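Work through the exercises below with the sequence and the 3D view at hand, and try each task before reading its solution.

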Amino acid sequence: MNDPDDLTAAPDLPVIGSLDELAGFLSARSGLYIRWSRGPAVDLAQKGSRDGLTGLELPGLSANPLDAEPWWEDRPLRLWAARRLHDYSHLPRERGPGVRPWLLRGTEAGRGPDNEPLVRDVAPIGWVADAVIKEAEAVVNGQNGAWGPMRRHSGAD
């Protein structure tokens, strides 16, 4: 059985090994997303994501868009990509072993309960290596403002 933390477990899916490489994808095409999960082999066997609160099946896989917004103007795509990755870098810790980011393209089918895109007709592009997440963290931490990954707290504060 394949180790879920081994990116080579999907040998047909290349590994994106640097933030510059990821930014290169963003500059070459639009309509790309990052999904944090156990990978396309698991995800594509399902019809879509499920709402964590209600259990309702959603009409696509929840993913995070990577297209830079127009207000980003000519700022570096490397920083945009770093921020988008860093925002959800807590998910592997919260969702358990084997959860990692992977790059995909697809068609937006709607919005989920957190206003995230729900994507169908998914075409996997590549795994995002752990080193890219560490690189993104360093880039974000090098900025002037205070920032951290998004996270939810359960229970009373």
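A residue counts as buried when its relative accessible area is under 20%, as exposed when that value is over 50%, and as partly exposed in between. The model used throughout these exercises is a predicted one.

**Exercise 1. The chain as a whole**

Task: Describe the order of helices and strands in the protein chain, and state what share of its residues is buried.

Solution. Begin with the inventory, which gives 5 helices and 6 strands. Next, follow the protein chain from the N terminus, where the elements run β-α-β-α-β-β-α-α-β-β-α. Then apply the cut-off given above: of the 157 residues in the protein chain, 41% are buried. Finally, turn to the contacts in the protein chain between residues with a separation of 6 or more, of which 71% are accounted for by residues 24 or more positions apart.

**Exercise 2. The buried side of helix H1**

Task: Find which residues of helix H1 are buried, and work out how they are arranged around the axis.

Solution. Helix H1 spans residues 19-28, and its buried residues are Leu 19, Leu 22, Ala 23, Phe 25 and Leu 26. These residues cover an arc of only 150° around the axis, and therefore they lie on the same side of H1. A general point helps in reading such a pattern: an α-helix has 3.6 residues a turn, so residues three or four places apart point the same way. On the face of H1 turned away from the buried side, one finds the exposed residues Ser 27 and Ala 28. The last step is to ask what the buried residues of H1 pack against, and the partners are the strands S1 (15-16), S2, S5 (100-111) and S6 (117-128), together with the helices H3 (77-87) and H5 (130-141).

**Exercise 3. Two helix pairs**

Task: Classify how H1 packs with H3, and do likewise for H3 with H5.

Solution. Two packed helices are described by the angle between their axes and the distance between the axes. For H1 and H3, the angle is about 105° and the axes are 9 Å apart. Because an angle of 65 to 115 degrees counts as roughly perpendicular, H1 is roughly perpendicular to H3. In this contact, Leu 19, Asp 20, Leu 22, Ala 23, Leu 26 and Ser 27 of H1 meet Leu 77, Arg 78, Trp 80, Ala 81, Ala 82 and Leu 85 of H3. Sorted by class, the residues of the contact of H1 with H3 are 9 nonpolar, 1 polar and 2 charged.

For H3 and H5, the axes come within 8 Å and cross at roughly 110°, and H3 and H5 are therefore roughly perpendicular to each other as well. Here Arg 78, Leu 79, Ala 82, Arg 83, Leu 85 and His 86 of H3 meet residues of H5 that include Val 132, Ile 133, Ala 136 and Val 140. The contact of H3 with H5 divides into 8 nonpolar, 1 polar and 4 charged residues.

**Exercise 4. Polar contacts around Ser 37 and Asp 43**

Task: Decide whether Ser 37 is buried or exposed, and trace the polar contacts of its side chain.

Solution. Locate Ser 37 in strand S2, which covers residues 32-37. Its relative accessibility is 6%, and because this is under 20%, Ser 37 counts as buried. The side chain of Ser 37 reaches the backbone nitrogen of Gly 39 at 3.1 Å, and a polar contact of 2.5 Å joins it to the side chain of Asp 43. Asp 43 is found in helix H2, residues 40-43, and is buried too, with a relative accessible area of 4%. From there, a further polar contact of 2.7 Å links the side chain of Asp 43 to that of Arg 35. When residues up to four places away in sequence are left out, Asp 43 touches Arg 35, Ser 37, Leu 61 and Trp 102, while Ser 37 is in contact with Asp 43, Gly 98, Val 99, Arg 100 and Trp 102.

**Exercise 5. Positive phi values**

Task: Examine the phi angles of Asn 115 and Asp 121, and place each residue in the structure.

Solution. Asn 115 has a positive phi of about 65° although it is not a glycine. Asn 115 lies in the loop between S5 and S6 and is exposed, with a relative accessible area of 51%. For Asp 121, which is likewise not a glycine, phi is positive and near 55°. Asp 121 is placed in strand S6 and is exposed, at 58% relative accessible area.

Notes:
Residues are numbered from 1 along each chain as its sequence is written. This is a predicted model: local features need pLDDT of at least 70, side-chain atom pairs count only at pLDDT 80 or more; totals for chains, interfaces and linings use all residues. Side-chain values use heavy atoms; hydrogens and water are left out. Helices (H or I, at least four residues) and strands (E, at least two) are DSSP runs, numbered from the N terminus. Buried means under 20% relative accessible area, exposed over 50%, partly exposed in between (1.4 Å probe, protein chains only). A polar contact is a pair of N or O atoms within 3.5 Å; within protein, one must be able to donate a hydrogen and the other to accept it, and residues adjacent in sequence count only if both atoms are side-chain atoms. Contact means heavy atoms within 4.5 Å. The arc is that of the directions from the helix axis to the C-beta atoms. Axes are lines fitted to C-alpha atoms, for helices over the stretch in contact, and angles run from 0 to 180 degrees between N-to-C directions. Angles under 35 degrees count as roughly parallel, over 145 as roughly antiparallel, 65 to 115 as roughly perpendicular and the rest as oblique. Ala, Val, Leu, Ile, Met, Phe, Trp, Tyr, Cys and Pro count as nonpolar, Asp, Glu, Lys and Arg as charged, and the others, Gly among them, as polar.
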